[in-house]
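Here is a walk through one protein model and the ligand that sits with it. Keep the 3D view open as you read.

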Amino acid sequence: MAKTIRHDLLILGSGLAGLRAALEASIVTGGKIDIGLISKVQLMRSHSVAAEGGTAAILRTEEGDSLELHAWDTVKGSDFLADQDVVFRFVEAMPEEIQLLDKWGIPWSRRPDGRIAMRPFGGHSFPRAVYAADKTGFFEMQTLYDTLLKYQNFTRYDESFVTSIQVRDGQFAGVTAIEMATGEFISFEGKALIICTGGTGRMFGFTTYAHTVTGDGMALAFKAGLPLKDMEFLQFHPTGLIPSGILMTEACRGEGGYLVNNAGERFMSKYAPEKMELGPRDLVSRSEMKEIEAGRGFKGPRGLDYLHLDLRHLGSERIKDRLPLIREICMKFIGSDPCDEPIPIRPVAHYSMGGVHTDIDGACPVPGIWAAGEAACVSLHGANRLGSNSTAECLVWGKITGAAAAKHCAAQAKFVEPDGGRIAAEEQRVFGEILQKSGPENLYTIRQELRSLMDHNMGVFRTGEGIRAAQAGVRELKERYKKIGIADKGRVYNTDLLTALEMEYLLICAEAAVEGALVREESRGGHARRDFAVRDDEKFLKHTMVSKDGDGLRLYYHPVTITHWKPVERKY
Ligand SMILES: Cc1cc2nc3c(=O)[nH]c(=O)nc-3n(C[C@H](O)[C@H](O)[C@H](O)COP(=O)(O)OP(=O)(O)OC[C@H]3O[C@@H](n4cnc5c(N)ncnc54)[C@H](O)[C@@H]3O)c2cc1C
């Protein structure tokens with residue numbers, strides 16, 4: 001029988017969004033709210049710790065930057081699919097977030113005059129990425145957690161793996177989880193939930209994401225009846241290291257790095273003559289693929305042909321000062337020093353623009369549930385996120401949802417108790433069914449096949465034929481998944497069992513992405529189709545919504561909010 005644990009507010013995920021939400025809920029209640037902070041990994045192993053290059057905000061209006069400019073860059077970068085009211089809420093909130101982190105003690109990199117330093121990032125028309133060398137996420141996580149420690153109102157449940165979100169009579173009631181160290185099944189009850197579980201990038205093989213980023217929160221929300229939005233929009237970052245896919249931060253180009261083909265040309269002059277290497281990611285990734293397909297790349301392993309990211313002209317002093325992690329990664333992983341040699345790179349799966357559908361306040365359609373950070377789709381990034389806008393989004397909607405959920409908890413006198421029968425059924429599903437599976441299919445082969453399917457058919461360029469192949473492949477894998485065998489029958493740190501649960505989440509997210517991509521017969525941002533090469537605003541200036549429908553899903557659409565700018569041709 002499941003052990004019951006109660007907290008007013010449950011925060012699912014302790015990355016940047018989860019920590020900022022916990023901190024804001026603590027601040028607005030003067031530390032009075034009781035928070036359960038649940039994470040399947042140790043807190044500082046949350047994926048946000050890997051964020052490298054920077055966090056966007058307007059700090060230098062006196063030097064020519066403005067809220068309108070940041071908003072315009074974001075809307076244009078999104079290929080006009082971002083909700084513009086959301087974008088303005090975001091740019092207006094960000095400067096204070098940078099100052100708060102500063103006040104809380106983050107070691108921002110600084111200009112010689114002591115002011116906070118900022119660097120250029122792709123698609124931004126002003127150098128507005130605030131950074132802490134190339135370890136921005138690490139320092140942001142440390143700072144938020146250190147500050148949260150001032151409040152004694154939260155309990156950490158690290159290495160607790162959530163398996164379901166419980167909704168009763170249309171209201172949030174709790175979540176169920178496996179305590180990994182003991183294998184105990186826990187029913188967490190709460191008045192409110194904030195889903196901060198990050199993206200879904202591990203549905204790809206060649207990716208910058210940590211192995212833990214498997215779309216759990218999106219799939220759990222979908223299974224609980226919440227809609228997902230814009231799942232077909234997956235971002236490919238232009239500079240993934242060959243052959244591992246480790247991110248070579250956009251800050252490399254922000255600091256002045258060049259992208260070069262096998263003829264030694266800075267090929268971006270053909271595709272984005274004004275912005276060059278600092279075009280938005282969708283455009284730069286497509287340009288790289290065109291160069292590689294035209295035979296102007298270098299031969300790489302496993303079909304991973306590549307181009308060069310050249311930093312040598314920056315000089316070793318600057319590389320060591322501004323990009324120490326990049327240098328260290330290159331030396332450790334490919335045995336070469338970027339001060340002396342160019343870095344082999346190509347586009348790599350990096351970010352999920354889609355996620356759990358929320359309104360502008362991060363609220364989901366079920367009362368008592370909010371979502372923030374990469375797991376959510378508040379519609380800030382539309383079809384293509386600008387670099388440095390994601391850590392920023394985590395801060396802004398961590399704050400907004402933390403405050404809103406705290407208010408909800410204060411107003412809600414009673415807990416909605418989860419249905420005991422459903423909790424027992426979920427425990428039976430996890431330990432009675434999935435753990436007992438002894439079918440012939442190998443879980444890890446299925447995972448490998450999904451990744452290869454997505455790498456080949458849902459990459460930088462897509463075609464109807466390829467997407468249909470992915471659709472058929474995902475459906476087949478879903479059937480084979482039912483016949484997997486779980487070798488380890490134990491309960492303690494059973495990574496076979498957890499991988500099986502993650503596999504289900506990945507399949508749900510992949511199916512939502514593929515179905516949305518197939519119907520979207522246009523090219524917009526991260527969704528570039530060879531068979532429908534142009535954007536079609538008449539038919540597709542709308543968000544794709546996906547809801548659970550029996551064993552399958554139902555697609556429908558949601559309008560884009562346009563308050564300032566009508567779509568125009570994107571030129572860089
Ligand atoms: C290598 C890399 C570098 C990046 N650099 C930048 C950058 O410089 N600037 C920028 O703006 N963006 C950057 N990004 C993007 C940005 O880092 C992420 O989008 C952001 O950090 C996501 O934060 P999050 O809080 O939403 O989720 P995460 O940090 O991914 O945290 C997710 C949390 O959910 C928990 N969780 C997930 N599933 C479960 C489950 N089933 N049960 C319990 N807990 C669960 C995890 O344990 C974790 O605590 C980068 C991304 C990558 C891959």
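## What counts as near the ligand

A residue is near a molecule if one of its heavy atoms lies within 4 Å of it. With that in hand, and bearing in mind that this is a predicted model, we can start with the ligand.

## The ligand and its shell

There are 37 residues around the ligand, and the ones that come nearest are S46, S48, G53, E374 and S390. Sorted by class, the shell has 19 polar, 13 nonpolar and five charged residues. Which element gives the most to this shell? That would be α11, with four residues. Helix α11 is also one of a group of elements, along with α1, β8 (160-168) and β16 (343-352), that each supply at least two residues of the shell.

Now for some individual atoms. The side chain of S46 has an N or O atom 2.7 Å from an oxygen atom of the ligand. Backbone atoms join in too: a polar backbone atom of A17 is 3.0 Å from a ligand oxygen, and a backbone N or O atom of G54 sits 2.8 Å from a ligand nitrogen. Taken alone, the ligand would expose 1000 Å², and the protein buries 97% of that.

## Helix α1

Since α1 helps build the ligand shell, let's look at the helix itself. Helix α1 runs over residues 16-28, which makes 13 residues. From its first C-alpha to its last it reaches 18 Å, close to the 18 Å expected at 1.5 Å a residue. Right after α1 comes G30, with a positive phi near 60 degrees.

Is α1 largely enclosed or largely open? Eleven of its 13 residues are buried, so the rest of the structure largely encloses it. The buried residues are L16, A17, G18, L19, R20, A21, A22, L23, E24, A25 and S26. As a rule, an α-helix has 3.6 residues a turn, so residues three or four places apart point the same way. In α1, the buried residues pack against strands β2 (9-12), β3 (35-38) and β11 (192-195). They also pack against helices α3 (84-103), α4 (136-148) and α11 (389-411).

## Backbone oddities

Most residues other than glycine have a negative phi, and most peptide bonds are trans. A few spots here go the other way. D79, in the loop between α2 (67-77) and α3, has a positive phi near 55 degrees. A133, in the loop between β6 (129-130) and α4, has a positive phi as well, near 50 degrees.

Are these two buried or exposed? D79 counts as buried because its relative accessibility is 6%, under the 20% cut-off. A133 is buried too, with a relative accessible area of 17%.

Then there's the peptide bond between I242 and P243, which is cis, with omega at about 5 degrees. You'll find P243 in the loop between β13 (234-241) and α6 (251-254).

## Two buried histidines

Start with H527, which lies in the loop between α15 (495-519) and β21 (528-529). Its relative accessible area is 0%, so H527 is buried. What does its side chain make a polar contact with? The partner is the side chain of R462, at 3.0 Å. Leaving aside neighbours within four places in sequence, H527 is in contact with R462, F233, I467, A517, R520 and E522.

The other one, H70, is in helix α2. H70 also counts as buried, because its relative accessibility is 0%. Beyond its neighbours within four places in sequence, H70 is in contact with A56, A57, I58, F90, V91, H124, R128 and N389.

## M268

M268 belongs to helix α7 (residues 268-271). At 0% relative accessibility, M268 counts as buried. Which residues surround it, leaving aside neighbours within four places in sequence? M268 is in contact with L259, P273, M276, E277, V284 and S287.

For a sense of distance across the model, compare M268 with T563, 295 residues apart along the chain. The C-alpha atoms of M268 and T563 are separated by 32 Å.

Definitions and conventions:
Residues are numbered from 1 along each chain as its sequence is written. This is a predicted model: local features need pLDDT of at least 70, side-chain atom pairs count only at pLDDT 80 or more; totals for chains, interfaces and linings use all residues. Side-chain values use heavy atoms; hydrogens and water are left out. Buried means under 20% relative accessible area, exposed over 50%, partly exposed in between (1.4 Å probe, protein chains only). A polar contact is a pair of N or O atoms within 3.5 Å; within protein, one must be able to donate a hydrogen and the other to accept it, and residues adjacent in sequence count only if both atoms are side-chain atoms. Contact means heavy atoms within 4.5 Å. The expected span of a helix is 1.5 Å times one less than its number of residues. Accessible areas come from the Shrake-Rupley method with a 1.4 Å probe; for residues, only the protein chains shown count as cover. Ala, Val, Leu, Ile, Met, Phe, Trp, Tyr, Cys and Pro count as nonpolar, Asp, Glu, Lys and Arg as charged, and the others, Gly among them, as polar.
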